[in-house]
Structure formats: structure tokens, C-alpha cells
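Hello,

Here is the structure we spoke about, for you to open alongside this note. Please have a look first, then read on for what turned up.

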Amino acid sequence: MRPEILNTRIFLDGADPEETRRVIKALGFLDGQTTNPSLLAKNPEAQSHKVDGNKFSAKAIYQFYEKLCQELSGLLPDGSVSIEVYADETTTVAAMLEQAREFDTWIKNAHIKLPTTTAGLEAANILTGEGRRVNMTLVFTQAQAAAVYAATKGAARGAVFLSPFVGRLDDRGENGMALIADILKLYAGGDRHVEVLTASVRSMEHFLCALAYGSDIITAPASILLEWVEAGMPIPGSTYVYEAPGLKPIPYEPLSLDAPYASYAIGHPLTDAGLAKFAADWNSLIDMAS
Ligand code: G3P
């Protein structure tokens with residue numbers, strides 16, 4: 001059962017419908033699911049396609065992803081399912097738009113995941129202008145958060161998710177949870193049309209801290225959601241203290257939310273590395289000769 005005082009929406013980060021069923025059963029609710037190419041490559045059925053001679057064709061991988069998203073959407077008819085475009089550093093805005101519009105025909109509750117890059121922001125600007133929903137991924141800075149806000153101005157609340165990757169900042173010694181606090185503070189000065197979706201959650205401490213900070217949404221692996229259930233679904237209040245031993249603080253930057261979206265300095269090495277990894281995981285499933 002959903003705890004009455006829970007204001008944050010809880011998503012599962014994964015790409016295996018069996019796991020989704022298990023999590024819904026254990027929690028008694030689930031508000032949505034986020035997928036990405038790396039999670040897709042870990043799907044049990046996809047695993048068998050990693051072997052030479054049994055790889056997907058460039059077309060068949062989209063059919064597989066479509067079937068998977070339709071199954072997830074059927075399990076979460078009132079929730080949201082994030083579907084990520086294939087993108088590498090050369091992918092054009094037009095190629096992102098083509099995938100996004102196609103994904104929107106697969107299910108009725110899609111959020112289209114786009115990288116927070118120059119091309120991804122331009123695609124988000126166009127797609128939200130068409131009334132579509134987006135989830136901007138691979139976010140590591142407040143400047144990226146401000147650019148997403150500016151690029152999607154005018155979108156309805158619920159149409160835009162922003163996914164800061166906290167675990168990957170921790171990996172390089174920076175306090176990823178501080179970025180969540182900073183972005184929530186930055187957005188508090190806006191119209192709230194962008195919702196903060198805490199992602200790359202690696203521990204129960206990340207999960208509890210995101211609840212305490214008031215993240216709009218958290219996506220977490222099944223293992224963490226099940227651990228939360230085991231612990232009795234605690235919801236810490238504002239007095240919760242997050243220990244970030246050895247992690248460098250990320251100071252708040254008072255950025256404007258009103259500048260033209262292309263004017264923000266959005267480059268970040270983790271965004272570039274994340275894009276390359278997603279592309280490599282997607283390509284590991286494909287017969288490149290097809
Ligand atoms: O939601 C994003 C997530 O799947 C990335 O997590 O652990 O690969 O940084 P991670």
C-alpha cells in the first residue's frame with residue numbers, strides 16, 4: 001500500500017517486466033518505470049541476443065523495445081514509462097525527433113528520454129511544443145537543469161522530468177545528493193513545470209535522502225525498492241541527516257531560469273561518457289551488418 005504521507009512518486013529503474021511484477025506485488029503500488037539502453041541490454045531475453053549469430057537487426061531491436069514498453073505500460077496503465085532514444089555524439093535532432101514520435105505511438109503513457117546535450121535540448125524544445133512528454137537524462141549540473149527548464153517553458157506540469165544521476169557524481173567523489181538539493185532550490189524560483197526525478201540511485205541512503213529533500217520522483221533498482229519495503233517503507237522528514245563521507249560538496253549556483261536555453265554552458269564529461277556507454281550497450285545487441 002502506498003504510504004499516505006508519501007508525496008514523492010516512486011519509479012522502478014529496469015527493463016524486465018517480471019521484475020516490475022515483483023516490485024508492484026511487494027510495494028502494493030508503483031508510479032512508473034524508467035528504461036535505458038544499458039538496462040535493456042540486461043533484460044533476460046535480450047541477453048541471448050548479445051551472442052554473435054543471434055544479434056538483433058537494426059529494425060528488430062526497436063520491435064523488441066516496443067514489445068517490452070507495451071508490456072510495462074500494461075502493468076502501469078496509470079503511470080509513466082520512460083523510453084530512451086538511441087543517441088551518440090553524432091545523432092542529429094531530426095533522428096531524435098523521428099524516434100521520439102515513433103515511441104509515442106507505442107504506448108499512451110510514454111516520457112521520451114533525451115540526453116541533456118545541445119541536440120537533446122533542441123529536440124525537447126520541439127517535442128514539448130508538440131505537447132509530448134520528455135525525460136531529460138544524464139544531468140550532472142545546475143546549468144543543465146536551468147537549460148532544460150528554459151527549453152521546455154510552457155509545457156504542462158508532469159510533461160517534463162529531469163534526471164540527475166547522483167551515483168555517478170558520487171563515483172567521482174562529488175556529493176550527488178547535493179545536486180538534487182541545489183536543483184530543487186533552483187526550481188523553487190520557477191513555475192514548477194519541470195519535475196526532478198532522482199536517478200542513478202545506488203543505496204538506501206540515496207533513496208531516503210531523496211525522499212527527505214522532496215524530490216518529485218525517484219527511480220531506483222528493484223533491490224533498493226524491495227529493501228525499502230523490508231524496512232517498513234520509512235519516509236524521513238526534513239530533519240534527516242545525509243552522511244556523505246569523503247564526498248565533495250556541490251555549492252549552489254544562483255542561475256537565472258529565464259535565459260535562452262542555448263546560452264547555458266551545458267557540457268559535462270559525465271554526460272559525454274554516459275552517452276557513449278548507452279550507445280555501446282545498445283550496439284552490443286545489434287548485428288552491425290544488418
Ligand atoms: O536511471 C539511471 C540509471 O539507470 C543509471 O544508473 O547506476 O548506471 O549510474 P547507474
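**What was found**

In this predicted model, residues 24 or more positions apart account for 72% of the contacts with a separation of 6 or more.

**The chain as a whole**

The chain has 12 helices and 8 strands. Its radius of gyration is 18 Å, close to the 19 Å from the globule rule for 290 residues, so the chain is as compact as a globular protein of that length. Along the principal axes, the C-alpha atoms fill a box of roughly 55 × 45 × 35 Å.

Of the 290 residues, 56% are buried. The exposed area comes to about 12,200 Å². Carbon and sulfur atoms supply 53% of that area.

On charge, the chain carries 24 positive and 35 negative charges. The mean positions of the two sets are 2 Å apart.

**Strands S6 and S7**

Start with Pro164, in strand S6 (residues 160-164). Pro164 counts as buried because its relative accessibility is 0%, under the 20% cut-off. Beyond four places in sequence, Pro164 touches Val139, Leu179, Ile180, Ile183, Val196, Leu197, Thr198 and Ala199. Pro221 is 57 residues away from Pro164 along the chain, and their C-alpha atoms are separated by 15 Å.

Thr198 is one of those contacts of Pro164. It lies in strand S7 (residues 194-198). Thr198 is buried too, with a relative accessible area of 0%. Leaving aside residues within four places in sequence, what does Thr198 contact? The list is Pro164, Val166, Ile180, Ala210, Ser215, Ile217, Ile218 and Thr219. Leu162 is 36 residues from Thr198 along the chain, with 8.1 Å between the two C-alpha atoms.

**Helices H7 and H9**

Ile183 sits in helix H9, which spans residues 176-188. Its relative accessible area is 0%, so Ile183 is buried. Outside the four places on either side in sequence, the contacts of Ile183 are Val139, Thr141, Gln142, Ala145, Leu162, Pro164 and Val196. For Leu162, 21 residues from Ile183 along the chain, the C-alpha separation is 9.7 Å.

Ala145 belongs to helix H7 (residues 142-151). Ala145 is also buried, at 0% relative accessible area. With neighbours within four places set aside, Ala145 contacts Leu162, Ile183, Leu186 and Tyr187. Pro260 is 115 residues from Ala145 along the chain, and 13 Å separates their C-alpha atoms.

Put together, Ile183 links to both ends of this part of the picture: it contacts Ala145 of one helix and Pro164 of one strand.

**Two residues with positive phi**

Most residues other than glycine have a negative phi. Two residues here are worth a look on that count.

- Arg192 has a phi near 65°. It is in the loop between H9 and S7. Arg192 is partly exposed, at 36% relative accessibility.
- Ser200 has a phi near 60°. It is in the loop between S7 and helix H10 (204-213). Ser200 counts as buried because its relative accessibility is 10%, under the 20% cut-off.

**A histidine in a loop**

His268 is in the loop between helix H11 (222-230) and helix H12 (269-283). Is His268 buried or exposed? Its relative accessibility is 9%, so His268 counts as buried. Setting aside neighbours within four places in sequence, His268 contacts Phe140, Thr141, Gln144 and Arg172. Thr141 is also among the contacts of Ile183.

**Cysteines**

How many disulfides does the structure hold? The count is 0. A disulfide is a covalent bond between the sulfur atoms of two cysteines. Cys69 is buried, at 0% relative accessibility. Cys209 is likewise buried, at 0%.

**Where to look when you open it**

Begin at Pro164 and go to Thr198, which Pro164 touches. Return to Pro164 and go on to Ile183, another of its contacts. From Ile183, step to Ala145. Then turn to the loops on either side of S7, with Arg192 in the one after H9 and Ser200 in the one before H10. Finish at His268, in the loop between H11 and H12.

Best wishes

Methods
Residues are numbered from 1 along each chain as its sequence is written. This is a predicted model: local features need pLDDT of at least 70, side-chain atom pairs count only at pLDDT 80 or more; totals for chains, interfaces and linings use all residues. Side-chain values use heavy atoms; hydrogens and water are left out. Helices (H or I, at least four residues) and strands (E, at least two) are DSSP runs, numbered from the N terminus. The radius of gyration is taken over C-alpha atoms; the globule rule is 2.2 Å times the number of residues to the power 0.38. Buried means under 20% relative accessible area, exposed over 50%, partly exposed in between (1.4 Å probe, protein chains only). Contact means heavy atoms within 4.5 Å. Accessible areas come from the Shrake-Rupley method with a 1.4 Å probe; for residues, only the protein chains shown count as cover. Lys and Arg count as positive and Asp and Glu as negative; His and the chain ends are not counted. The place of a charge is taken as NZ of Lys, CZ of Arg, CG of Asp or CD of Glu. A disulfide is a pair of cysteine sulfur atoms within 2.5 Å.
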